[in-house]
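Subject: Structure handover

Hello,

Here is the structure you are taking over. My notes follow below it.

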Amino acid sequence: MWRAVRFPSLWLPGRKAVRLSSSNPPKPSHPFPSPSNSSPRPQAEKQRRRRAREEAIMSSQHIKSVNWSEKQKIVYTVQTSPGAKKDTSLPFPSSYSPEYVESSWYQWWEKKGFFSPERHEQLSHSVDQTFSLCIPPPNVTGSLHLGHALTVAIQDALVRWRRMQGYRVLWVPGCDHAGIATQTVVERRLLREEGKCRQDFTRDGFIQEVWKWKNEKGDEIYHQLRMLGASLDWSRACFTMDPSYSRAVTAAFVRLCDSGLIYRSEGLVNWSCALESAISDIEVDSKELSGQTMLFVPGYENKVEFGTMYTFAYPLEGHDGEVAVSTTRPETMLGDVAVAVHPDDPQYQAVHGKQCRHPFTNRLLPIITDPTVDMELGTGAVKVTPAHDHTDFLLSQRHSLQRVTVIGGDGTMMPCCGQWLEGVKRFDARQLVVDALVEKKLFRGKKTHAMTLPICSRSGDIVEPLLKKQWFVRCNEMANKAIQAVEDGQLEIIPHYYTKTWKNWLSNISDWCVSRQLWWGHQIPAYQVELPNSTDKQELWVWGQSEDEARQRAAVKYGVKPEAFTLTQDPDVLDTWFSSGLFPFAMLGWPEQTSDLQDFYPNSILETGSDLIFFWVARMVMLGTELTGQLPFKQVIFHSLIRDKYGRKMSKSLGNVIDPLDVIHGVSLERLQEKVKEGNLEPREQLVAMEAQTKDFPNGIPQCGTDALRFALCSHKIQGEDISLSIPQVLGSRHFCNKMWQTLRFTLGVLGDNTAPVGTLEECFPLSSMDRWICSRLHSTVVQCEHAFKAYELHTVTSTLYSFWVHSLCDVYMEHIKSVDKQDSGSARQMASTVLYHCVSMSLALLSPFMPFITEELWQRLQPFRSGSTDQASLCLQPYPHSSQLAHWHFPEEEKDFLLVQEVIRVARSLRAQCGMTKEKPVMWAVCSPHQAQVLLHFGSAVWTLSRISSLQIYCPDGADNLLPVYSTPPPEGSLIGVVDHTCQLHLHVQSGMNIDKRILQLSQSRAKLVPKLEEILCRVQSSDYLTKVPAHIRQQMDSKMSALQQKLQTIEDQLKVLQEMQREE
C-alpha cells in the first residue's frame, strides 16, 4: 500500500463494458482506447513537460541549493536503560541538537503505555469521547518516503491533539503483507544467496522462507514509524498475514460468495509474464514514449523496440483489394478475429459485411462496423484482438466475436499460432511476424509513434492483457451504497471537491478481479469439486472457512456423501487490496464481536493520500458497509501529494524519492547518489536524478530532526494543490526548534535558581500593558488553533503557533522583559516571569502534537517551577490548552491598540537604519491623534525599548489639553519623517551622519511606486458612472485609500525638499 496511482487499466469480467480504475481514460491513437496506445497530443504534451523539467535539471543555469553549515552535534550520553525516563536535571545544553533531544523519549512513552486507550481512565481531564483511526498499512518490504512521513505527521498531530483533549484514543499500526512485492524480494534473495528459484521449493517450504525473511526484515517499517514519533498503540500492531487477520479475510470471502457478490468468470486482466500472475492496477506504471524507443525487458538479452506503429494488409476474401490496419503489437495479429471500421467512413463503405482471410491461420475475419472507431486515426480500420486488448474485449461482447488467446502466461506464443511461433517469446515473435508479412507482401511499413507503455512496477516487465478465469467481486450494488452514503451526509469527504470524483468513479465501476497467481498471501478459500464418474466439463466450486466446512457445503449442494468426491483448493491467493480493504474492522478482531470492535468501530476518521481514493478508500467503504452493516469511518480526509522542486511527483522510477530518515539524521551527497545507483533506473533517468541531487544538495542534506520535518510537513496546506516540499523549508523549521531552545534558556534564566513554584494560571491576573497584551495574544492564538484543528487546517495551526512564538513572544515580549528585569520593581518582575512561564509552558503544549520530542524535553525542564499536582508525567497526556481557561486573559482592546505600537516600532527602526544609527538611541517625535497618543503613552516603555530610542515626544496638532504628558511643541524643522498611517508620523531630527543621497533615492523609489496607485484610483473615481454604479461603502473605502496615498506622497515630497536643502548646504 501507500503507492501512487501510475496507470489506469481495466478489469472486465463477464459482460460489463465499464471502467474500474479511471473515470478519465487516455485518448486513443489506436481507433479504440488501449493501454498501449494513447492519443499523440496529450502524450506529446506530457513528453514536452517532462523534457522541460529534465532540461531545467540538466542545464547549467544556477539553481539555488541548500545552504547550510554543519551544526555542533550534542549527544545525550547518560546511560539510560530502555524505557527509563530521560534525566532532564542535567545542565541545559547551549544549543539545540536533534540527536540530543530525540534520545530516549519514545522508548519511555511506549513502555509507560501512554499511547494506549486504556490510559484514558487515568486522565484527570478525560471525556466520554472516542477517537479511532488506522494507519494506511505500508508494505512489509518497503521503506518510508516523504509521502509516508506526511501521512504520519498529519495523523499523529490529530491523534495527539485528541488524546490531550481527554478522548479515548486508538491509533492502530499495521503492515501489509504485500503479496507480489514480498514474493519478488524473497525470490531474488534465494536466487542471489542460494542459487534457487521458487519452483525448487514446495509451496509450504517457500512460504516458510518468506516468514523467515519477514521475521528478519519486516520490522524495519515499524522502526521508521517510531523514529517519526508516531504515537501508535503497538500492543495492537496488526500484520495482514497474522492468524486472526487471515481468519477475517477468509470469513469476508465466504460471506461475499454466499451473498453472490463474489463469482468466478473469465475476464481480461493485467498480467505480468515475469511473475506469471495477474496484478492490480496500482502495480502498473505508465511509461510515456515520444516515439521509437529501445528498452530492456526482463528475460530478453537485447533491447526491444517500442513506440513504433506497424501497418499491414488483410486481403479481401473473394474480392480484389485489401484492408490495411495499424498496430503497435503485430505479434497479437495471430489472435485477430475481425476488422472494425466506422459505419460512416466513406473509404470502407464498399467492404461492409465482407471478410478478410488471415494470412497465417487461414481464419476468415468479418469486417464489422462500430461507431466507436475513430476514422481519423491510423488507417481508419482496426484489427480486433479480444483476448489481448481491453477495448477489443468490449467490442467482442457487442458483436459476439470469439476470443483467441495467442500468448501464454509465461509470455510465449501458444500452439494455436503454428509450429513456427509456438514457444517463441512474444517480443521475439514480433519480428518473426513482421518478416513473414514482408515475405507475403502484406507489410505496408512502420513509423515512429508516441504511446503509453504499461509496465509492471514489481518486475519491470511489459504488462500483457490476458483472458483468464478468475474470482471477481461484483461491485455495482456496493458502489451505489457508497455513493448514497456521501450524498446523504453519512460519510463526509474532505476536501469536498473529491465528492464529484467519488461519484463519477463509483458510477462507472467495473467488477474487481481478486485472484493472484502467487504463493505468498491469503490462499483463496474456494475448492474445486470433482464428483465421481462425472463427465460434465463445467467447473464446480464451493467455498468455506475450512476444508471441512467446504466439504459439508459441497455434499449438500451436489447431493453426495462428504467422502464421495475430491476437493482441490484454488492455488491462487487474494489480491492484497482485498485484505487491506478490511483493515478498519479486521484490525479490531472482526468477525468476532470483540470489545475493541464495539468501542472503536466505526473509526472516527480516515486520513490518507488522495491517490488511494479508489484502490483503498472506496473498497474499504464498500466492504465495510457490506460485511459489518456500518460505514468503516465517518470522515475521509485526503491530503495532497508531495512533489519535488521541479514539479515532479516523487517516484522511485524517477530517482527523486527522499527518505525521511535522511532528512532527520542528515546524509551525504555520495550516499544519496549510491541509492540512485542501487535503483533500477534507465541510464538517462539515472543521470537526471543524480544531476538534480548534485544541484539541490551539493553538500548533502543537513540533519534536521524529526520535529522540524513534521512541523514543515504540517505547515503546508494539505487540502488543495500538491505540496512542493523543499529541504530549506525543513531547515527553517530546524531554526525554529533552536529558537524554542533559546527561548527556554532565557525563561530558565528569568525564573532563576529559586525553584519555588510560580503562580497558577488561574491566579495570574496581568496588570501591565505588555503583560496584558501577551496574555491576550496567547488567548487569541488558542482560539485560532481550536478553530483550525476542528477544520483539519493544520497549516493554520502551525503558522499561528509559529507567529505567536517568534513574532509575539520572542521579538516583542522577551525583549520587553529584558528592560523590566533591569528597571522595574520586584512585583513587576515577578508577574513578568509568571506570565513568561505560562506563555512558554502553554505554547509547548500547543506545539506538542506537531513537535513531540522538543516540546517534551523543554516542558520537562519547566516542571520544577510548576505549582500544583503533576499527576501525569508526560506532556503528551497534559490537557490541550483551550480558550475557556484563558478567558481572564482576553484583552481585545490591548491587542487592537498594540497594532499601532508595532507599526510605530517598525517605522522608528526604519528611520534609525536610514540614518545609520546602530548604537545611538535618539529622541523621536510622534505627530498623531489624541487617541493614538493615549495608546503610545499606555505602551510607552515598550515603544522606547523596542524602538531603541531614548524617549518619544508626542505632539497632537488637533489638541490634547487633558493629556499632561503630551507635548504641545511640534518637532524640529527639517526632521526626517516616517509615515505610520495617515494620522500618525514619526519625526527624527538628523544633525549629521546620515547618507543623504541614499535617503533621497529611497524616497524617490517610494514615490515612484505610490504615484501609479494614486492615478489608478483617481481614474476610477473620475469615471462618469462611478457615483451610480459603485456602492457607497466602496466609494468610502476608495476615498480613504486616496486620502492616505495623497498624505504619504505629500510627506515624501516634504522630506525630499528638506533633504535636497541639506544636500545643497553640504
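Over residues 105-725, what percentage of the chain is helix and what percentage is strand, and how far apart are the end C-alpha atoms? Helix makes up 34% and strand 21%, and the end C-alpha atoms are 27 Å apart. Please keep in mind that this is a predicted model. The residue range comes from UniProt, where an unreviewed entry places the feature "domain: Aminoacyl-tRNA synthetase class Ia" at residues 105-725.

The rest goes by region.

**Around His-388**

His-388 sits in the loop that runs between β16 (381-384) and α9 (390-399). The relative accessible area of His-388 is 0%, so this residue counts as buried. Leaving out residues up to four places away in sequence, His-388 touches Leu-268, Arg-329, Thr-332, Val-404, Thr-405, Val-406, Ile-407, Glu-464, Pro-465 and Leu-466. With one of these, Pro-465, there is also a polar approach: the side chain of His-388 reaches the backbone oxygen of Pro-465 at 3.3 Å.

**Strand β28 and its partners**

Strand β28 covers residues 633-639, and 6 of its 7 residues are buried. Strand β20 (residues 492-494) runs parallel to β28 and is joined to it by 3 bridges. In that pairing, Glu-492 is opposite Gln-635 of β28. Strand β27 (residues 603-609) also pairs with β28 in the parallel sense, here over 6 bridges. Asn-603 is opposite Phe-633 of β28.

**Sheet β24-β23-β25**

This open sheet has 3 strands in the order β24-β23-β25, and the pairing is antiparallel. Its edge strands, each pairing on one side only, are β24 (541-543) and β25 (566-569). On average, neighbouring strands are turned by 35° against each other, direction ignored. Between β23 (residues 526-530) and β24 there are 3 bridges in the antiparallel sense. Gln-528 has Trp-541 of β24 as its bridge partner. Helix α13 (residues 547-558) lies across β23, β24 and β25, and runs at about 135° to β24.

**Sheet β32-β31-β34-β33**

Further along the chain, 4 strands form an open sheet in the order β32-β31-β34-β33, with mixed pairing. The edges are β32 (951-955) and β33 (976-981), each of which pairs on one side only. Neighbouring strands here are turned by 25° against each other on average, again with direction ignored. The pairing of β31 (residues 923-927) with β32 is parallel and spans 5 bridges. Trp-925 is opposite Gln-953 of β32. Helix α28 (residues 930-938) packs on this sheet, where it touches β31, β32, β33 and β34 (984-988). The direction of α28 makes about 160° with that of β32.

**Ser-819**

Ser-819 belongs to helix α24 (residues 794-823). Is Ser-819 buried or exposed? Its relative accessible area is 9%, so Ser-819 is buried. A polar atom of the Ser-819 side chain lies 2.6 Å from the backbone oxygen of His-816. The Ser-819 side chain also makes a polar contact of 3.5 Å with the side chain of Thr-945. Leu-946 is 127 residues from Ser-819 in sequence, while the C-alpha atoms of these two residues are 9.7 Å apart in space.

**Cysteines**

How many disulfides does a search of the whole structure find? The count is 0. Two cysteines serve as examples. Why is Cys-928 not bonded to Cys-956, the cysteine with the closest sulfur? The two sulfur atoms are 4.6 Å apart, which is too far for a bond, because a disulfide needs cysteine sulfur atoms within 2.5 Å. Cys-928 is buried, with a relative accessible area of 2%. For Cys-356, the closest cysteine sulfur is that of Cys-417 at 19 Å, so that pair is also too far for a bond. Cys-356 is buried as well, at a relative accessible area of 0%.

Regards

Conventions. Residues numbered from 1 in each chain as written. Predicted model: local features only at pLDDT ≥ 70, side-chain atom pairs only at ≥ 80, totals over all residues. Heavy atoms only, no water. Pairing = 2+ DSSP bridges. Helix = DSSP H or I, 4+ residues; strand = E, 2+ residues; numbered from the N terminus. Axes fitted to C-alpha atoms, helices over the stretch in contact; angles between N-to-C directions. Contact = heavy atoms within 4.5 Å. Buried < 20%, exposed > 50% of the residue type's maximum accessible area, 1.4 Å probe, protein only. Polar contact = N/O pair within 3.5 Å; in protein donor to acceptor, adjacent residues only side chain to side chain. UniProt positions renumbered as here; feature names shortened; annotations may be inferred.
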